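Grab a pencil and work through these exercises with the structure open beside you. Try each task before you read its solution.

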Amino acid sequence: MKKTFAFLLLLAVILMPAKAVEKENVKPVKNVILLIPDGTSLATISMARWLQWYQDPNKPKLNIDPYLCGTVRTHSSNAPIGDSAPTTSCYMTGQPSRTGYVSTYPESDPENDIYPTDPSRAFQPLTTVLEAGKILKGKATGLVFTCEFPHATPADCSAHSYNRGKYEWIAPQMAHNDLNVVIGGGAGLITKEMEDYLLANGYSLYKNDLKGMRADTNEKMWALYGDREMNYDLDRDPNEQPSIEEMTREAIERLSKDPDGFFLMVEGSKVDWAAHSNDPVGMATDFLAFDRACGAALEFAKENGETAVVIVPDHGNSGISIGRRDCTGYDKLSKDQLFHQFSLYKLTAEGFAKKVNSVPNSEVQEVFRTYAGFELTPEELDALNNCEDYKNSPIPVDQRKKEDNSSLYSGSLTGLMSHIITSRTCFGFTTGGHTGEEVFLAAYHPQGTLPLGMHTNIELNEYLCNLFGMTHDNLEELTHKNFVPHTEVFKDYKCEIVPAEDEKGNPTLVVKNKKKQLTITPFTNIVKMGKKGKEEIRLNSVIVYVDKNNTFYLPTSLTEYLQ
């Protein structure tokens, strides 16, 4: 009887549902790697997993599969559906924000705010986990991505703006935030001022130079590819652009040399871009490329023994489904019927668009035979020839009739390619925009303290902070030290905001007392002292100017230089 009771008790313990670890029980680690597949819905993962398994029967599972542990509810401050800016911002800062806001406190919207907001804090920059790890714990920091570097997700880690499109505000902040390693897209967006700053501070800088990056051993490096974003993994020339897995390994190799540890964010940026284009090929193949980067991170973490890995999308996108209403009998199709044609695609929709624009019109069918395994129908050829941005059409642009192909034409050549390649599958889409479902959560911790179950994006920020032995309160304390309105910091001094010399420039803040003067340029970490500005103060955070309220946000410690 006792043995039976003991067995039943043991069975009950084994079957007891796991509980999310309490923050006071999270074991701090030396290194944290956060991997974000942008705009990745659960159906995207299923599609990618099926594709991998179909193409290689020895790979039925993804690298992330053993570490799936829960879901996350992501949202904006005043709406259940968010874009990358406020959703990743919440992971980074622990404060939901508005659409388009990059690690910046939202304007109050009392009738719609999901959590209460403080109207007095609108537009205040918010300290991120990356910034806090660097300032409070001495961590090395790095970013890897396939979009351009000032894009929303990498920007959310290391910059602040109420407008994600203001690259002229965001890019210099990222350069001046003294990140140790930055690898991704955007070679055409780095300015001379940024280059000069990086080179003067010991960085290696590579633009579209894969061999240079591979040969470099410097622990401080920026390596950028493509004028703006990088190519999709399936379309990528491996002799010109690295894979996201290689970029991740390069970043880890450098960051892991820091004795204080590191924080690295890796974004599979263009899963989201493909979802916006309703391109299942780009979605699946770029996610598989991202999963290989996750494999590299997890491999390092398990060997290192002091590294936690968190893998989570920022939001869903496109409402993709494996099954479409007008695909008769889709629910009874075999594995071959569902995935064989899909497995034949050798280019993304964007890749097909570039390819047909690079060959004569007479070779279009050969392109599709070679890279898709089928020929275009007469209706599809007609739609292509009437597409406005198809360069090699025999029909003059002013004579093209888009309305005659309304069932096929999607407004752009890439959109048309997406429609054509999707039409040969039984996949479906509900939208070309973001969606509000929960996203998956996967994690590895060397001591097993995992974020199990369903989390809000605020709770996930707390977990990320706890991994470095910090709390969200530490982030708030830094915010109230480093991002304070200049009217409050310099209330006892004479301040003058000098307008920009031209439309592209930024205003300057000049602060004076009887003998001393500070000249403050926004979006950098440099303050000049004296009337001639010969002496420089280098801050451990960036200064942000907000035109909405004509306010500079800067450290309270700057008053020390006026005393």
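**Exercise 1. Sort the lining of the largest cavity into nonpolar, polar and charged residues.**

Step 1: Get the classes straight. Ala, Val, Leu, Ile, Met, Phe, Trp, Tyr, Cys and Pro count as nonpolar, Asp, Glu, Lys and Arg as charged, and the others, Gly among them, as polar.

Step 2: Do the sorting. You should end up with six nonpolar, four polar and three charged residues.

Step 3: Place the cavity. T146, D233, I244, D286 and A289 lie nearest its centre, out of 13 lining residues. Helix 11 supplies the largest share of this lining, three residues.

Step 4: Add the volume, which is about 90 Å³. The structure holds one cavity of 30 Å³ or more.

What do these words mean? On a 1 Å grid over the protein atoms alone, a cavity is a set of points where a 1.4 Å probe fits but cannot get out, while a pocket is an open set with protein on both sides within 12 Å along at least five of seven lines; lining residues have an atom within 4 Å of a point. Grid points are joined across faces, edges and corners, and a volume is the space filled by probe spheres set on the points. Helices (H or I, at least four residues) and strands (E, at least two) are DSSP runs, numbered from the N terminus.

A word on what you're looking at: this is a predicted model, in which local features need pLDDT of at least 70 and side-chain atom pairs count only at pLDDT 80 or more, while totals for chains, interfaces and linings use all residues. Residues are numbered from 1 along each chain as its sequence is written, and side-chain values use heavy atoms, with hydrogens and water left out.

**Exercise 2. Describe the largest pocket and the second largest pocket.**

Step 1: Start with the largest pocket, which holds about 450 Å³ of space. Its lining has 23 residues, and E168, P172, E193, K504 and N506 lie nearest the centre.

Step 2: Find the elements. Helix 6 (167–176) and helix 7 (192–200) are the ones that give two or more residues to this lining. Helix 6 gives the most, with five residues.

Step 3: Check the classes: twelve nonpolar, six polar and five charged residues line the largest pocket.

Step 4: Move to the second largest pocket, with about 240 Å³ of space. Among its 13 lining residues, N278, R324, H419, T422 and F429 are the closest to the centre. Helix 16 and strand 11 each give two or more residues, and helix 16 has the largest share, five.

Step 5: Sort this lining too. Here you get two nonpolar, nine polar and two charged residues.

**Exercise 3. Find the disulfide and say which parts of the chain it links.**

Step 1: Recall that a disulfide is a covalent bond between the sulfur atoms of two cysteines. The cut-off used here is a pair of cysteine sulfur atoms within 2.5 Å.

Step 2: Search the whole structure, and one disulfide turns up. The partners are C327 and C426, with 1.7 Å from S to S.

Step 3: Trace the chain. C327 sits in the loop between strand 10 (321–322) and helix 12 (335–344), and C426 in the loop between helix 16 (413–423) and strand 11 (427–428), so the pair, 99 residues apart, links distant parts of the chain.

Step 4: Are the two cysteines buried or exposed? Both C327 and C426 are buried (under 20% relative accessible area; exposed is over 50%, partly exposed in between, with a 1.4 Å probe and protein chains only).

Step 5: Compare C147, which is in no disulfide; the nearest cysteine sulfur, that of C157, is 10 Å away. C147 is buried as well, at a relative accessible area of 0%.

**Exercise 4. Work out the surroundings of K139.**

Step 1: Locate K139 in the loop between helix 4 (129–137) and strand 3 (140–148).

Step 2: Check its exposure. K139 has a relative accessible area of 10%, so this residue counts as buried.

Step 3: List contacts (heavy atoms within 4.5 Å). Leaving out residues up to four places away in sequence, K139 touches V29, K30, G133, K134, D260, G261, F262, F263 and F468.

Step 4: Take one distance. The C-alpha atoms of K139 and N180 are 9.6 Å apart, with these positions 41 residues apart along the chain.
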